[in-house]
Amino acid sequence: MCIQELYNIYLRHPRVTTDTRTCGEGSLFFALKGERFDGNQYAAAALEKGCAAVVVDDASVAPEGDGRYIVTDDVLATLQKLAAYHRTQLKIPVIQVTGTNGKTTTKELLAAVLSKKYRVRLLSITSDDDIAVVETGANHPGEIAFLCNLVKADCGLITNVGRAHLEGFGSFEGVKKTKGELYDDLAARGKFVFVNGDDADLMAMAAERNLRTEAYVAGEVESCTPFVHCRVDGHSFATHLIGAYNIANIRAAFTVGRHFGVGPDEAVEALTGYEPKLGRSEYKETGRNRLIVDAYNANPTSMTAALENFSHIEAERRMVILGAMGELGPESPRLHAEVMQHIDCEAWLVGKEWPEDTMKEARRFQSVDDVIAALKAQPLEGRTILVKGSHSTKLYQLPEYL
């Protein structure tokens with residue numbers, strides 16, 4: 001089946017899923033494979049849950065004569081080709097966001113602000129939408145460049161460049177080179193970027209490429225108790241965001257909104273109303289403790305920023321439960337030790353990566369299961385607790401026990 005034929009099927013069923021848990025009636029299921037799973041084995045289940053068709057690359061799972069099975073040589077490649085073809089059919093502005101930290105929050109803030117004037121789509125973009133915001137991540141060189149070729153953005157934004165995925169990138173310079181692939185793509189096609197004027201790395205990267213820029217500066221944080229109250233372009237307002245480091249993300253949303261004609265009052269209303277989710281600096285009160293849960297991802301840059309922010313939060317009994325940071329390669333012991341220098345309160349450390357000879361008073365656990373067992377045996381009360389770690393440490397399981 002050629003891409004045009006598959007695209008015609010997509011137009012009749014414009015919802016794509018790769019997970020049988022999120023199958024919707026009439027959607028298209030793409031049977032992706034990973035190291036520990038084979039989506040081909042779930043194709044029949046996807047149809048039973050209401051999918052209109054399934055795309056597989058194992059012909060043995062497709063019953064002869066059942067037209068709901070679309071057999072290809074490579075499901076991932078087919079999905080990528082479909083996305084690229086779909087992009088050529090769209091005539092709306094597309095904003096591409098990447099960065100080491102804050103890219104998901106920034107993407108969500110951009111969408112919130114732009115939604116005050118436009119129909120904004122983050123996924124499954126259709127011709128009915130007015131503007132699209134696309135987040136792209138990477139942990140190896142060349143991945144952003146590949147995604148740029150699919151997205152073909154009209155403008156872009158790198159939130160920052162920091163020390164993350166060093167195992168894949170090799171070094172901080174490798175991080176900058178890979179994130180800079182977005183700048184390479186936009187420069188080659190005569191497009192432009194929104195850039196944080198306070199970030200010397202990003203300004204230098206844009207200048208090296210003679211890239212057209214629309215710069216913004218962070219703004220002013222007036223208080224964090226624990227939510228950020230800030231002043232941007234003369235407007236003072238409260239948010240549901242935790243961490244002074246979010247001021248750059250807030251300012252980015254203001255700037256992008258202004259570029260696309262969203263007024264400051266509308267931007268303030270959007271930013272005031274936005275509430276983070278998916279374990280990204282969520283604030284919770286459990287009746288026993290106050291929690292700041294940021295357990296979706298972690299690297300030395302974001303971990304240090306979270307700890308520094310937490311040190312300024314007023315609370316009688318502050319505590320941190322920190323999960324190990326993944327994909328740091330040979331630098332992992334040193335970077336974990338450096339992060340520990342920013343801990344100034346009671347600490348529970350989860351994972352073998354935390355050096356034993358540093359901060360010996362910290363309580364240590366091998367896994368989240370060990371933490372849960374300790375909490376069941378002796379519950380914590382009356383504390384303000386920062387829970388942060390890489391997704392692989394599964395600290396997102398802890399709030400119900402805190």
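User: Why is R364 called partly exposed?

Analyst: This is a predicted model, and in it R364 has a relative accessible area of 24%. Buried means under 20% and exposed means over 50%, so R364, at 24%, lands in between and counts as partly exposed.

User: And what makes E356 exposed?

Analyst: Its relative accessibility is 57%. The cut-off for exposed is over 50%, so E356 gets that label.

User: How do you know that E356 and R364 meet in a salt bridge?

Analyst: Look at the N to O distance: it comes out at 3.6 Å for the side chains of E356 and R364. The limit is a Lys or Arg nitrogen within 4 Å of an Asp or Glu carboxyl oxygen, so this pair makes the cut. The structure holds 24 salt bridges.

User: Why is K176 called buried?

Analyst: K176 has a relative accessible area of 17%. Buried means under 20%, so K176 qualifies.

User: Which salt bridges does K176 make, with E173 and with D201?

Analyst: With E173, the N to O distance is 3.3 Å. With D201, it is 3.7 Å. The cut-off is within 4 Å, so each contact passes as a salt bridge.

User: What makes the K176 and D201 pair a tie between separate parts?

Analyst: K176 sits in helix α7, while D201 belongs to helix α9 (residues 200-208), so their salt bridge ties together parts that are 25 residues apart in sequence. E173, on the other hand, lies in helix α7 (residues 172-179) along with K176, three residues away, or about one turn of the helix. As for D201, a relative accessibility of 30% makes it partly exposed.

User: Over to the sheet. How do you know that β14 and β15 pair?

Analyst: They're linked by four bridges, in the antiparallel sense. Pairing takes at least two bridges, so β14 and β15 count as paired. K284 stands opposite L291 in β15.

User: What makes β14 and β18 edge strands?

Analyst: The six strands run in the order β14-β15-β19-β16-β17-β18, forming an open sheet with mixed pairing. β14 (282-285) and β18 (363-365) each pair on one side only. On average, neighbouring strands of this sheet are turned by 15° against each other, direction ignored.

User: Which helix packs on that sheet, and which strands does it touch?

Analyst: That's helix α12 (residues 300-310), touching β15, β16 (318-323) and β19 (384-388). The direction of α12 makes about 175° with that of β19.

Terms used
Residues are numbered from 1 along each chain as its sequence is written. This is a predicted model: local features need pLDDT of at least 70, side-chain atom pairs count only at pLDDT 80 or more; totals for chains, interfaces and linings use all residues. Side-chain values use heavy atoms; hydrogens and water are left out. Helices (H or I, at least four residues) and strands (E, at least two) are DSSP runs, numbered from the N terminus. Buried means under 20% relative accessible area, exposed over 50%, partly exposed in between (1.4 Å probe, protein chains only). Axes are lines fitted to C-alpha atoms, for helices over the stretch in contact, and angles run from 0 to 180 degrees between N-to-C directions. Contact means heavy atoms within 4.5 Å.
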